[in-house]
Amino acid sequence: MIRFVLFLSTLAAPLCDMQVLADEPLQSTAMDWPNWRGPQQNRVSNETNLVEHWDPQGGPNSNLLWKNDELGGRSTPIVMGSRLFTLVRDQGGTTSEGAKVVCVDAATGNMIWQHRFNVYLTDVPDTRVGWSSVAGDPETGRVYALSVSGYFCCLEGATGKLVWKRSLHEEFGLLSTYGGRTHSPIVFEDTVIVSAVVIGWGDAPQWGFLAKPAHRFMSFDKATGKLRWLKGTGISPYDTTYSTPTITTLNGQAAMIFGSGDGELWALQPRTGERIWHFPFSRRGLFVSPLVVGDTVYASHSEENVIGNTMGSVVALDGTLSGDLSGQEKWQEFEVMAGKSSPIMVDGKLWVVDDRAKLWIFEPETGEILLRRKAFGKDKVMRSTPLYADGKVYLSTGNGRWHVLKPTDTGFKVLDRFRLHNEACDGSPIVSHGRIYLPTSAALYCIGRNEEPSTASQAPMSQPTVSQLTETAPADDPAVAHIQIVPYDTLLAPDQQVDFKVHQYNARGQRLRILSGDDVKLAVSGPGSVENGTYTAPTLTAHQASLVTCKIGDLTGSARLRIVPPLPWNFDFNHSEK
């Protein structure tokens with residue numbers, strides 16, 4: 001069952017070795033919002049009795065519960081239990097500027113803890129620091145954050161203590177671009193997954209051609225930070241992107257659906273990174289997060305199409321297919337410039353808000369346009385994704401105009417609308433425990449009832465979440481089809497050791513068993529030795545790399561090792577190293 005290259009120049013041991021003891025985890029509830037897309041990964045909430053009107057100026061009957069000016073930014077917050085978590089700039093405009101993960105009381109906005117870190121090795125504009133959203137793990141209560149410079153950390157949600165950290169730029173060659181586009185982590189079972197354009201080391205098939213840039217995903221053990229797998233899409237992508245994947249099941253198979261920097265929609269197995277299908281969609285990178293309803297995948301973009309010379313498109317795909325899906329779309333509508341805001345399903349209709357803040361409504365089975373380019377006032381920019389909850393759509397445009405809409409048979413009725421002056425909305429509104437949270441460039445607003453509900457029927461409630469994750473049992477396919485050696489990449493000092501485990505998977509990407517110790521039969525190519533699943537680095541003074549492999553029948557799995565001697569180092573142009 002599913003639950004939701006560069007050498008390190010100054011370190012001779014993996015960054016993930018830095019750990020602390022776990023604290024008591026936060027208690028999760030049905031009303032939690034553990035990632036920016038929500039518990040169902042579709043921007044839909046089952047909560048009821050939510051407010052329709054509020055006043056940003058405050059007051060006794062304003063329905064504004066609190067406003068925190070220190071939590072403004074681009075990031076969409078998350079909520080687990082009684083805590084709200086978000087990622088923001090720290091000391092902006094100063095020589096000490098950095099970023100921080102902040103935890104506040106979800107009911108009051110009062111600070112509980114913060115985890116600060118530097119921003120380094122990046123030319124991202126300071127106004128785009130804090131681009132991504134943090135992800136929470138309801139199982140452990142931990143929080144994961146990825147910065148614009150590739151600092152990736154795991155924190156205890158209860159205390160803010162650091163569990164582990166990785167420097168993805170230094171360790172794996174994560175590319176931090178001027179635009180600041182940064183992916184939000186996603187938690188899947190016992191892993192946490194992030195992605196970026198990665199330029200690593202090893203330009204050969206056994207290394208995955210990692211010396212060439214590609215949009216690559218990195219799957220880490222969520223408890224230890226050890227790398228499970230590193231897999232990518234097309235080589236030399238057009239862009240860096242920020243499309244958050246949707247993890248679901250398609251035809252009984254677990255699948256991770258996302259838009260890639262190479263302009264294609266992809267489905268990968270989330271436990272192995274193996275490819276399921278891909279669909280050429282755009283001539284540039286894709287930013288929108290796909291929406292999956294049943295076995296149908298919906299996505300949009302605002303770049304040049306791969307067919308013809310038009311810009312923008314909305315597509316519906318049969319997610320149960322495999323291989324190259326070129327020409328196999330269920331339907332596709334061109335010239336819909338929707339490349340920032342992700343599509344949502346509202347009362348059985350597909351809502352798409354384009355980049356100029358105009359609404360399109362489609363019949364999801366046929367692609368028939370039910371409403372075309374319905375404008376939201378004079379707004380011309382849309383970056384956030386709407387929220388559908390309690391029979392209403394909550395929407396904030398890039399120019400800071402707030403809307404509450406009631407869907408109708410022919411479109412919508414406006415229940416509330418006003419302008420937040422001099423505030424931009426790049427993050428998206430969320431709802432948790434009867435409260436709506438709206439992030440803007442200037443503040444984070446908490447919206448809810450000022451007074452206690454007079455009757456039980458007026459109290460916020462959440463209906464049971466209907467799971468879409470119905471995976472075929474592993475026993476139905478017991479044959480081993482893929483071998484994964486964990487950890488996949490390790491940095492060692494001379495004479496240091498690492499213990500390997502071998503994970504075996506079937507063709508559907510389901511784990512069958514884990515081998516360790518005497519059951520692990522490994523071979524090493526390069527310096528060092530391996531015995532009973534343990535690799536020992538050689539005693540040497542030169543930088544070296546080795547490849548550890550495991551062969552079972554016709555299947556082979558591999559893992560990389562880098563041996564880095566202690567400082568000082570000496571290099572010249574006659575020899576590689578002294």
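Which strand is the place of His503? Some notes on that and on other parts of the structure follow.

1. Start with the answer: His503 sits in strand 40, which covers residues 501-505. Bear in mind as you read that this is a predicted model. His503 has a relative accessibility of 4%, and because buried means under 20%, this histidine counts as buried.

2. Next, the company His503 keeps. Its side chain makes a polar contact with the side chain of Tyr505, at 3.4 Å. Leaving out residues up to four places away in sequence, His503 touches Arg228, His482, Ile483, Gln484, Val486, Arg511, Arg513 and Ile514.

3. Leu555 is worth a look too. You'll find Leu555 in strand 46, residues 555-563. With 24% relative accessibility, Leu555 counts as partly exposed, because that value lies between the 20% and 50% cut-offs. Neighbours within four places in sequence aside, Leu555 is in contact with Val480, Ala481, His482, Ile483 and Cys550. His482 and Ile483 are also among the residues that His503 touches. If you want a distance to check on screen, try Leu555 and Gly312: they are 243 residues apart along the chain, and their C-alpha atoms are separated by 42 Å.

4. Now for the nonpolar cores. The largest one has 31 residues, and the members touching the most other members are Trp54, Tyr394, Trp402 and Tyr437. Strand 35, residues 444-447, gives the most to this core: four residues. A second, separate core has 24 residues, including Leu87, Trp131, Val134 and Leu155.

5. Tyr394 deserves a closer look. Not counting residues up to four places away in sequence, Tyr394 touches Leu50, Val51, Pro386, Leu387, Ala389, Trp402, His403, Val404, Pro429 and Ile436. Trp402 is on that list, and Trp402 is also one of the core members with the most contacts to other members.

6. Here's a sheet to trace. Five strands make up an open sheet with mixed pairing, in the order 1-29-30-31-32. Strand 1 (44-45) and strand 32 (412-419) are the edge strands, each pairing on one side only. Strand 1 runs parallel to strand 29, residues 387-389, and two bridges join the pair. Val44 has Tyr388 in strand 29 as its bridge partner. Two residues of strand 29, Leu387 and Ala389, are among those that Tyr394 touches.

7. Strand 9, residues 142-146, is mostly covered, with five of its five residues buried. Follow the side chains along the strand: Arg142, Tyr144 and Leu146 point one way, while Val143 and Ala145 point the other way. Both sets are buried, and the arginine is included in that.

8. Strand 9 also has a hairpin on either side of it in sequence. Strand 8 (residues 135-137) pairs with strand 9 in the antiparallel sense over three bridges. Four residues lie between these two strands, and Gly141 in the turn has a positive phi of about 80°. Strand 10, residues 151-156, is antiparallel to strand 9 and is joined to it by five bridges. That hairpin likewise has four residues between its strands, and the turn's Gly150 has a positive phi of about 85°.

9. Last one: which residues stand opposite Tyr144? On the strand 8 side Ala135 stands opposite Tyr144, and in strand 10 the residue opposite Tyr144 is Cys154.

Definitions and conventions:
Residues are numbered from 1 along each chain as its sequence is written. This is a predicted model: local features need pLDDT of at least 70, side-chain atom pairs count only at pLDDT 80 or more; totals for chains, interfaces and linings use all residues. Side-chain values use heavy atoms; hydrogens and water are left out. A nonpolar core is a set of buried Ala, Val, Leu, Ile, Met, Phe, Trp, Tyr and Cys residues joined through side-chain atoms within 4.5 Å. Buried means under 20% relative accessible area, exposed over 50%, partly exposed in between (1.4 Å probe, protein chains only). Contact means heavy atoms within 4.5 Å. Two strands pair if DSSP finds at least two bridges between them. A polar contact is a pair of N or O atoms within 3.5 Å; within protein, one must be able to donate a hydrogen and the other to accept it, and residues adjacent in sequence count only if both atoms are side-chain atoms.
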